[in-house]
Amino acid sequence: MPKIIHYRKNCIGCNSCHEYSPDNWEMDENDGKMRLKRSCQKKKYVWVANISEIEMEKNIEASKGCPVKIIQIIDSSGKKIAP
Ligand code: SF4
């Protein structure tokens, strides 16, 4: 299953990822950083969510568009495909 990995610490809350894929991203009004929906915390600032193949395309664009490059997309074979 494909995955999104979000290295949240350096998120600047620019909203770009949400514009590409509002189903996967929502703003946390408490700290002004984006939150990856349906994710599990893996480390202090690292969150991971399993996604469908359909969600993958939009989030590849979100990953490429992230100005601080903190969104990684991993395909179902475990290979990093973005950014
Ligand atoms: S595009 Fe990157 S920096 Fe901008 S809100 Fe999303 S995760 Fe944060």
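Is R38 buried or exposed? R38 is exposed, with 11 other C-beta atoms within 10 Å. I will come back to that residue, since its backbone is also worth a look. A word of caution before the rest: this is a predicted model.

Let me start with the overall layout. The chain has 2 helices and 7 strands. Read from the N terminus, the order of these elements is β-α-β-β-β-β-α-β-β. The radius of gyration is 11 Å, close to the 12 Å that the globule rule gives for 83 residues, so the chain is as compact as a globular protein of that length. Along the principal axes, the C-alpha atoms fill a box of roughly 35 × 25 × 20 Å. Of the 83 residues, 27% are buried. As for contacts in the chain with a separation of 6 or more, 53% of them are between residues 24 or more positions apart.

Next, the interior. In soluble globular proteins, nonpolar side chains tend to be buried together. Here the largest nonpolar core has 15 residues, and the members that touch the most others are I4, C17, A62, C66 and I71. Which elements supply at least two residues each? They are α1, residues 16-20; β3, residues 33-36; α2, residues 53-65; and β6, residues 71-74. The largest share, 3 residues, comes from α2. To take one member, I71 touches I4, H6, C17, A62, S63 and C66, leaving out residues up to four places away in sequence.

Two of those core names, C17 and C66, come up again at the ligand. The ligand is surrounded by 13 residues, and the closest are C11, C14, C17, M34 and C66. What classes of residue make up the shell around the ligand? There are 10 nonpolar and 3 polar residues, and no charged ones.

M34 takes us to the strands. M34 sits in β3 and is the bridge partner of M27. Strand β2, residues 25-28, is joined to β3 by 4 bridges, and the two strands run antiparallel. A further pair across these strands is D28, which stands opposite K33 in β3. The two strands form a hairpin with 4 residues between them, and in the turn G32 has a positive phi of about 75°.

That is a glycine, but there are other residues to mention here. Most residues other than glycine have a negative phi, and most peptide bonds are trans. This chain has exceptions on both counts. N15 is not a glycine, yet has a positive phi of about 80°. N15 is in the loop between β1, residues 3-7, and α1. Is N15 buried or exposed? N15 counts as exposed because there are 11 C-beta neighbours inside 10 Å, and the limit for exposed is 12 or fewer.

Now back to R38. R38 is not a glycine either, and its phi is positive, about 55°. Its place is in the loop between β3 and β4, with β4 covering residues 40-43. As I said at the start, R38 is exposed.

The peptide bond exception is at the end of the chain. The bond from A82 to P83 is cis, with omega near 5°. P83 lies in the segment after β7, which is residues 80-82.

Two more positions, and then I am done. The first is S21, in the loop between α1 and β2. Is S21 buried or exposed, given that it is in a loop? S21 is buried, because 21 other C-beta atoms lie within 10 Å, and 20 or more is what buried requires. Its contacts, leaving aside neighbours within four places in sequence, are E55, K58, N59 and A62. A62 is also one of the core residues that touch the most other members. The C-alpha atoms of S21 and Q72 are 14 Å apart, with the two positions 51 residues apart along the chain counted as their separation.

The second is K43, in strand β4. K43 is exposed, with 10 other C-beta atoms within 10 Å. How far apart are the C-alpha atoms of K43 and Y7? They are separated by 9.3 Å, and the two residues are 36 residues apart along the chain.

Note on methods. Residues are numbered from 1 along each chain as its sequence is written. This is a predicted model: local features need pLDDT of at least 70, side-chain atom pairs count only at pLDDT 80 or more; totals for chains, interfaces and linings use all residues. A residue is near a molecule or strand if its C-beta atom, placed from the backbone, lies within 6 Å of it. Ala, Val, Leu, Ile, Met, Phe, Trp, Tyr, Cys and Pro count as nonpolar, Asp, Glu, Lys and Arg as charged, and the others, Gly among them, as polar. A nonpolar core is a set of buried Ala, Val, Leu, Ile, Met, Phe, Trp, Tyr and Cys residues joined through C-beta atoms within 7 Å. Two residues are in contact if their C-beta atoms, placed from the backbone, lie within 7 Å. The radius of gyration is taken over C-alpha atoms; the globule rule is 2.2 Å times the number of residues to the power 0.38. Two strands pair if DSSP finds at least two bridges between them.
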